[in-house]
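The exercises below ask you to read helix packing and enclosed space from a structure, and each is followed by a worked solution. Keep the sequence and the coordinates open while you work through them.

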Amino acid sequence: MKNNINVFLFVFVILITSCSKNFTDPSGPSVQLAFNSPQSLTAVAVGLQNWYTAGRGGNVYNYISTSGLLANELFVVNAGNTDEQQFYAGGNFVLNTNGIATSMWSVSNKIIADANNIMNNLSVVKDPGYASGLLAYASIFKALAMGNLATFWNNIPDTIGSKVNFISSNDGFNKALGVINNAINVINTTPPNTSFLNNIPAGIDLLNTLYALKARYSLFVGNYSDALSAANLVNLSTKSVFNYNTITLNPIFSIAASTNNVYQPTDGNLGLPAGIQPEPGDARLPFYLSTNAIAPIYRIKGFFNTSTGSIPVYLPGEMTLIKAEAYARLNDLPNALIQLNIVVTKSPSSDPFGIGANLPPTSYTDQNDLLNKIYKNRCIELYMSGLKLIDERRFNRNVSERKRNYLPFPFVERNDNPNTPNDPPF
């Protein structure tokens, strides 16, 4: 069985709450009690990470799976996994009732709502260093949730509530950037203190993560100067990760990689077409893939080969490739090549996560050739990061390389909100 009873209950609760965009628990404390102390705000903030990262209903499983299947990184081993199979088939086979899409939509909106409640009640926190930490932590998950919506839907809700209006995905990324910029300003003025940091799960570096998300989303909206500036501020030797343990398991491992019954890598070239496939000897292939004599030959490895393995919020290589792309799109090709070759020649031992191509330096003939090589290396360096689908759109790759551009809107939204746009045709 693909799902167990707990998963069905988890998704059922999501669906019920998402229909009305009322994210309060009628059996729990009132909003006033839930947000009336630093302790209660902290509990809600920690809950944001659990909603985002845990299990089949969490965004981590859903955005990695959605992008991987729609962008040809992954194939479905057992077609009985209906939701995953819809993505793998693509096109009109992806239904408005798809459980993965519905969970990602509903959980993202809940995270945004809870983050808003934290930010709107920070006046109860009298310790400035604690308050700044809460704001930064909530801002990270709010921005990630907004970014997930804007990645997979061409329009997203402008706010939380019933019968809300929609904005374009580009405007959604810009709204996420507003959240990020505010958090950066706050914690640069008043750094989070040890008291706050000791009360949240270890793993996420607040300031570096905010700069990394600013670089990512600035790149997505075409603000290349801001993307370059933000990427330059990220400390590439510092890890920022979602940690897992024996209670909360790495969701890709526990659901897919450990079972060989859901999905596995498309092939030994990470699903890339001729012309941009990895070179022989690219050291990133054995990092992300394992091989065996039993079909499918290639199996998921990377950050998903143990039940308690951490999953990066971003990779150092992503930041370097953002610099390369930003320079290239600003027509500074020599500096773009320098940054690209940092990734191409990087040895696994010099990367905090052990990711390195270990190849000779590359060259280029013109801007298009250089951008093509940057795209290729994003696909390899950032395999199963949830970023390939939006990269395919941004780089104007042939539509034959993906199963859909955007997802249809879940019925849990359409049935409750007359402002829901028409589904994208592809």
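**Exercise 1.** Determine how helix α15 and helix α16 are oriented towards each other, and which residues make the contact.

*Solution.* In this predicted model, begin with the axes: those of α15 (residues 333-345) and α16 (residues 367-381) come within 11 Å and cross at roughly 25 degrees. Angles under 35 degrees count as roughly parallel, and α15 is therefore roughly parallel to α16. Next, take the handedness, which is left-handed where α15 passes α16. Then list the contact, to which α15 brings Leu333, Ala336, Leu337, Leu340, Val343 and Val344, while α16 brings Gln367, Leu370, Lys373, Ile374, Asn377 and Glu381. Finally, sort these residues by class, which gives eight nonpolar, two polar and two charged.

**Exercise 2.** Work out the relative direction of helix α11 and helix α14, and describe their contact.

*Solution.* The axes of α11 (residues 224-232) and α14 (residues 316-329) come within 9 Å, and they cross at roughly 150 degrees. Because angles over 145 degrees count as roughly antiparallel, α11 and α14 are described as roughly antiparallel to each other. The handedness of the crossing of α11 and α14 is left-handed. On the α11 side the contact is formed by Tyr224, Ala227, Leu228, Ala231 and Asn232, and on the α14 side by Met319, Ile322, Lys323, Ala326, Tyr327 and Arg329. Classifying the residues of this contact between α11 and α14 yields eight nonpolar, one polar and two charged.

**Exercise 3.** Establish the angle at which helix α5 and helix α6 pack, and name the residues that meet.

*Solution.* Between α5 (residues 82-89) and α6 (residues 99-120) the angle is about 100 degrees, and the axes lie 7 Å apart. The range from 65 to 115 degrees counts as roughly perpendicular, so α5 is roughly perpendicular to α6. The residues that meet are Asp83, Glu84 and Phe87 from α5 and Gly99, Ile100 and Ala101 from α6. By class, the contact of α5 with α6 consists of three nonpolar, one polar and two charged residues.

**Exercise 4.** How many cavities of 30 Å³ or more does the structure hold, and which elements supply the lining of the largest cavity?

*Solution.* Start with the count, which is one cavity of 30 Å³ or more, and then take the volume, since the largest cavity contains about 270 Å³ of space. Its lining comprises 27 residues, and those nearest the centre are Tyr63, Arg216, Val313, Ser385 and Leu387. At least two lining residues come from each of α4 (59-70), α7 (128-152), α10 (206-220) and β8 (311-312), and α7 gives the most, with five residues. To finish, divide the lining of the largest cavity by class, which gives 19 nonpolar, five polar and three charged residues.

Note on methods: Residues numbered from 1 in each chain as written. Predicted model: local features only at pLDDT ≥ 70, side-chain atom pairs only at ≥ 80, totals over all residues. Heavy atoms only, no water. Axes fitted to C-alpha atoms, helices over the stretch in contact; angles between N-to-C directions. Helix = DSSP H or I, 4+ residues; strand = E, 2+ residues; numbered from the N terminus. Left-handed = near helix turned anticlockwise from the far one by under 90°. Contact = heavy atoms within 4.5 Å. Nonpolar A, V, L, I, M, F, W, Y, C, P; charged D, E, K, R; others polar. 1 Å grid on protein atoms, 1.4 Å probe; cavity = no way out; pocket = protein on both sides within 12 Å on 5 of 7 lines; lining within 4 Å. Points joined across faces, edges and corners; volume = space filled by probe spheres on them.
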